[in-house]
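Here is a short tour of a protein model, written for someone new to reading structures. Have a look at the picture first, then follow along strand by strand.

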Protein chains: 2
Amino acid sequence: MGEFELLARIRERLPAPGPRVRIGSGDDAAVTVPGGATATSVDALVDGVHFRLDRTPLRSVGHKALAAGLSDLAAMGAEPGEAYLVLGVPTGVTEEDALELLEGALALAKETGTTIAGGDVTRAPALSVAVTAVGHAASEGALVSRAGAKAGDLVAVTGSLGGAAAGLLLLERPDLAGRAGPEAEAEARRRQLEPHPRLAAGMALARAGATAMIDISDGLGADAGHVAERSSVAVAIDAQRLPLDAAAEAVAAAAGEDPLVLAASGGEDYELLACVPREVVDQALRGVEDSGTTLTVIGEVGPGSGVSIRLASGRLMKPSGFDQLQR
Amino acid sequence: MGEFELLARIRERLPAPGPRVRIGSGDDAAVTVPGGATATSVDALVDGVHFRLDRTPLRSVGHKALAAGLSDLAAMGAEPGEAYLVLGVPTGVTEEDALELLEGALALAKETGTTIAGGDVTRAPALSVAVTAVGHAASEGALVSRAGAKAGDLVAVTGSLGGAAAGLLLLERPDLAGRAGPEAEAEARRRQLEPHPRLAAGMALARAGATAMIDISDGLGADAGHVAERSSVAVAIDAQRLPLDAAAEAVAAAAGEDPLVLAASGGEDYELLACVPREVVDQALRGVEDSGTTLTVIGEVGPGSGVSIRLASGRLMKPSGFDQLQR
């Protein structure tokens with residue numbers, strides 16, 4: 001595979017750049033005129049670590065790599081702007097394969113209004129995609145960090161939880177195929193392979209006055225822990241209030257797993273967890289609903305540190321139920 | 001190796017962020033207030049492809065990965081701002097190793113006024129470093145692309161050529177050790193392992209009115225070809241005028257190689273090639289000298305396409321003498 005030739009073929013496929021982009025792919029660097037404040041995130045997916053190529057369509061690899069980067073922007077309340085892709089291509093992955101992966105990223109870029117403004121292709125021992133995602137806001141104050149949660153805030157999540165973990169279960173255990181029903185299985189796989197970042201919901205939450213946000217990539221418990229740590233607060237979650245994904249419940253039932261554990265520890269749902277002052281919760285709920293998804297209050301912020309998840313029995317979930325396993 | 005623990009140890013080592021950075025490493029995304037125009041470049045170095053870990057100090061890997069990204073900014077005439085590092089870490093590379101690599105990048109970041117504003121660490125089958133480098137300028141017009149060269153412009157390069165290729169020769173042929181003298185060998189190795197991006201020279205050339213610039217990473221012939229293609233011009237280079245690196249001449253003599261070929265095809269010198277209108281050449285020469293290096297006129301831009309390199313004999317260098325080998 002010729003690196004220059006592939007780059008040229010990739011460039012042919014890129015749509016016209018967005019309004020802030022003055023020079024896109026093909027120069028030493030992309031040139032943009034950002035204005036206001038920018039949010040920049042870097043992330044990488046590696047075959048054998050974050051996905052397995054033998055059971056993941058190439059389009060999904062491209063989609064998911066970009067989705068993970070854009071989800072970080074959603075968690076800041078930023079408007080998506082530009083993305084840059086570094087593709088590591090091993091022997092055996094053809095030029096057509098690389099272009100198929102790119103198509104997955106391009107489709108999501110189009111859907112979200114993101115410009116692929118640059119990138120690089122290199123040989124590598126395993127297929128890998130590193131994504132730099134750049135988002136924009138009118139000012140620094142319009143972006144929401146992990147660090148602003150205050151005791152008394154409510155804790156809420158967008159959409160539903162556990163679907164991506166259920167999809168991973170299905171990929172890892174072919175014996176489950178057909179046992180949760182075709183619709184639930186298709187939905188769970190979609191949540192695992194082609195997550196959709198909550199960009200509009202993130203901007204709505206930022207506008208409503210969320211004090212802290214994070215996207216649920218490592219798992220609800222682990223990500224709530226990041227917010228608790230950076231905000232120097234305690235986060236108390238009520239397990240009964242978690243918005244369980246219907247597909248996750250069906251797959252968990254078929255697999256004999258606890259759907260709560262999938263929802264609390266599974267990760268990769270790419271929903272948003274937001275801390276919201278009580279007086280603006282109604283505004284946040286309306287804003288997120290207008291963006292096309294739901295917002296569910298699942299707990300509250302208090303003084304102290306760490307995360308607790310209270311079960312229906314009144315007991316606390318064991319940390320093994322929501323701590324992220326080291327990947 | 002725990003990803004979170006290593007990230008925490010890396011964060012401890014990061015110096016205070018630069019003036020445009022409002023939130024650095026540790027949130028979903030870094031937040032900056034860029035103003036003006038930005039130049040963004042992505043690049044990756046992979047063990048076994050771009051370097052060999054068994055003969056490259058870890059500090060040099062970190063240094064060179066960042067240098068390659070900053071060199072792209074130099075080629076736009078941008079002031080360095082922020083960099084983001086994605087580290088792929090294989091089994092056998094320890095946390096201490098990863099921190100040593102980071103130290104190489106941090107030392108160059110400090111020297112150049114660059115803030116390491118974010119990053120990611122992941123397991124990977126080979127050591128890899130992907131760098132996103134972001135530079136700044138007062139306005140879009142202050143940045144120099146590859147596309148603006150005009151017939152009649154002079155072609156000039158900063159510093160000297162061939163040193164990095166000579167260093168690579170020494171790394172690949174241990175039998176040459178001691179045959180070119182300790183000083184030349186140390187200098188050639190330094191040029192290969194720890195290149196210094198020409199940031200101040202790039203800004204001086206942009207201020208002087210350079211019409212097109214590129215950094216010499218693929219090799220003089222190949223990179224001049226990129227400018228010729230993007231600017232729709234022909235670039236004619238006079239081989240006798242190339243500023244040969246003294247260390248490259250010594251190593252080439254010891255190896256029985258033609259130093260001209262090292263200078264024209266070797267790549268990785270991370271010097272700048274600039275196209276400069278004749279009426280501002282004096283200003284460009286002074287500006288680059290004030291930045292601490294030299295600028296040498298090596299040819300001119302004409303109508304047409306492609307690159308030619310004329311030898312002392314009057315013949316043209318064969319394309320094999322300056323075309324980049326596919327890496």
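Two strands count as paired if DSSP finds at least two bridges between them. With that in hand, take A:Ala39: its bridge partner in S6(A) is A:Gly135. Keep in mind throughout that this is a predicted model.

**The S3 strand in chain A**

The strand that A:Ala39 belongs to is S3(A), and it pairs with strand S6 (residues 128–137) of chain A in the antiparallel sense, over 10 bridges. S3(A) also reaches across to the other chain: 3 bridges join it to strand S2 (residues 30–32) of chain B, again antiparallel. There, A:Thr40 has B:Ala30 as its bridge partner.

How many residues of strand S3 (residues 37–46) of chain A are buried? The count is 10 of 10, so the strand is mostly covered, where buried means under 20% relative accessible area. In a regular strand the side chains alternate between the two faces of the sheet. In S3(A), A:Ala37, A:Ala39, A:Ser41, A:Asp43 and A:Leu45 point one way, while A:Thr38, A:Thr40, A:Val42, A:Ala44 and A:Val46 point the other way, and all are buried.

**How the two chains relate**

Two copies of a chain are related by a rotation about an axis and a shift along it. Here, a turn of 180° and a shift of 0.0 Å along the axis lay chain B on chain A with an RMSD of 0.0 Å. That is the relation of a two-fold axis. In chain B, B:Gly35 has the C-alpha nearest the axis, 2.7 Å from it. The same surface serves both copies, since 100% of the contact residues of chain B recur in chain A.

**The S3 strand in chain B**

Now for S3 in the other chain. All of it is tucked away: 10 of the 10 residues of S3(B) are buried, so the strand is largely enclosed by the rest of the structure. One side carries B:Ala37, B:Ala39, B:Ser41, B:Asp43 and B:Leu45, the other carries B:Thr38, B:Thr40, B:Val42, B:Ala44 and B:Val46, and all are buried.

B:Thr40 is a handy residue to follow. In S6(B), its bridge partner is B:Val134, and B:Thr40 also stands opposite A:Ala30. The strand pairings behind these contacts are in the table, along with two for S10(B).

| Strand pair | Sense | Bridges |
|---|---|---|
| S3(B) and S6(B) | antiparallel | 10 bridges |
| S2 (residues 30–32) of chain A and S3(B) | antiparallel | 3 bridges |
| S7 (residues 154–158) of chain B and S10(B) | antiparallel | 4 bridges |
| S8 (residues 212–215) of chain B and S10(B) | antiparallel | 4 bridges |

**Strand S10 and helix H4 in chain B**

Strand S10 (residues 272–276) of chain B is mostly covered too, with 5 of its 5 residues buried. B:Leu272, B:Ala274 and B:Val276 point one way and B:Leu273 and B:Cys275 the other. Two of these have named bridge partners: B:Val276 is the partner of B:Leu154, and B:Ala274 is the partner of B:Met213.

Helix H4 (residues 163–172) of chain B has 8 of its 10 residues buried, so it is largely enclosed by the rest of the structure. Among the buried ones are B:Leu169, B:Leu170 and B:Leu171. The buried residues of H4(B) pack against helix H5 (182–193), helix H8 (246–255) and helix H9 (259–265) of chain B.

For contrast, try B:Glu111 in helix H3 (residues 95–112) of chain B. Is B:Glu111 buried or exposed? With a relative accessible area of 52%, B:Glu111 is exposed, because the cut-off for exposed is over 50%.

**Empty spaces**

There are 5 cavities of 30 Å³ or more. The largest cavity holds about 250 Å³ of space. It is lined by 25 residues, and A:Val46, A:Ala124, A:Ser128, B:Val46 and B:Ser128 lie nearest its centre. The lining of the largest cavity divides into 19 nonpolar, 6 polar and no charged residues.

The second largest pocket has a volume of about 1100 Å³. Of its 50 lining residues, the closest to the centre are A:Arg146, A:Asp218, B:Glu3, B:Phe4 and B:Leu7. The lining of this pocket divides into 17 nonpolar, 15 polar and 18 charged residues.

How values were computed: Residues are numbered from 1 along each chain as its sequence is written. Chains are lettered from A and ligands numbered from 1 in the order in which they are written. This is a predicted model: local features need pLDDT of at least 70, side-chain atom pairs count only at pLDDT 80 or more; totals for chains, interfaces and linings use all residues. Side-chain values use heavy atoms; hydrogens and water are left out. Buried means under 20% relative accessible area, exposed over 50%, partly exposed in between (1.4 Å probe, protein chains only). Copies are superposed by least squares on the C-alpha atoms of residues with pLDDT of at least 70 in both. Contact means heavy atoms within 4.5 Å. On a 1 Å grid over the protein atoms alone, a cavity is a set of points where a 1.4 Å probe fits but cannot get out, and a pocket is an open set with protein on both sides within 12 Å along at least five of seven lines; lining residues have an atom within 4 Å of a point. Grid points are joined across faces, edges and corners, and a volume is the space filled by probe spheres set on the points. Ala, Val, Leu, Ile, Met, Phe, Trp, Tyr, Cys and Pro count as nonpolar, Asp, Glu, Lys and Arg as charged, and the others, Gly among them, as polar.
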